[in-house]
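Visitor: I am new to this structure and would like to look closely at a single part of it. Could you choose one helix and take me through its surroundings with some care?

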Amino acid sequence: MLGAIEAGGTKFVCAVGNDKGDVIDKINIRTTTPEQTLTNVFELFDKHNLSFIGIGSFGPIDINKNSKKYGFITTTPKKGWNNFNFLGVMKERYSVPIAWTTDVNAATYGEYKKGNGKVRTSVLVSESGVGQLLITGY
């Protein structure tokens, strides 16, 4: 089973699916404090035997694997999330590989592989910062 988190500044969308792309379980969570929000994530993920987790997070985040702050939400104005070691908390809880990137990167990749971009050779996404994407490709 695969776990997915789209971590937005206003809500988290979390899902569990199989390797065929079928969604088995899904929840939407209002983004509050890290502790409150992740408690709900853990309740979902703990019900399933996960083999991998993918996280696309609001930011700014550190995606440089050579950085001491890799896996952190860094200088966000979102109360409670500033300099939060999101990836570290997830790795403490789950002993599975975890992919970590921005919410825009995750959405772009999803569109390229399974959405409007799957029939295109390239995909360009323009993100507004409020959950709206413009997707083009050729």
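Guide: What follows is a close look at one helix, its buried side and its helix partner. Please keep in mind that this is a predicted model. The helix is α1, which runs over residues 34-45; α1 has 12 residues and reaches 16 Å from its first C-alpha to its last, close to the 16 Å expected at 1.5 Å a residue. Its buried residues are Pro 34, Thr 37, Leu 38, Val 41, Phe 42, Leu 44 and Phe 45, and because they cover an arc of only 160 degrees around the axis, they lie on the same side of α1. In general, an α-helix has 3.6 residues a turn, so residues three or four places apart point the same way.

The cover over the buried residues of α1 includes the strands β1 (2-7), β2 (11-17), β3 (23-30) and β4 (52-57), together with α2. That helix, α2 (residues 86-93), packs against α1 at an angle of about 35 degrees, with the two axes 12 Å apart, and the crossing of α1 and α2 is right-handed. On the α1 side the contact is made by Leu 38, Val 41, Phe 42 and Phe 45, while α2 brings Phe 86, Val 89, Met 90 and Arg 93; these residues divide into 7 nonpolar, no polar and 1 charged.

Turning to the loop between β3 and α1, we find Thr 32 there, which counts as buried because its relative accessibility is 19%, and buried means under 20%. Leaving aside residues up to four places away in sequence, Thr 32 touches Thr 37, Lys 78, Lys 79 and Trp 81, and Thr 37 is itself one of the buried residues of α1.

Definitions and conventions
Residues numbered from 1 in each chain as written. Predicted model: local features only at pLDDT ≥ 70, side-chain atom pairs only at ≥ 80, totals over all residues. Heavy atoms only, no water. Axes fitted to C-alpha atoms, helices over the stretch in contact; angles between N-to-C directions. Helix = DSSP H or I, 4+ residues; strand = E, 2+ residues; numbered from the N terminus. Left-handed = near helix turned anticlockwise from the far one by under 90°. Contact = heavy atoms within 4.5 Å. Nonpolar A, V, L, I, M, F, W, Y, C, P; charged D, E, K, R; others polar. Expected span 1.5 Å × (residues − 1). Buried < 20%, exposed > 50% of the residue type's maximum accessible area, 1.4 Å probe, protein only. Arc of directions from axis to C-beta.
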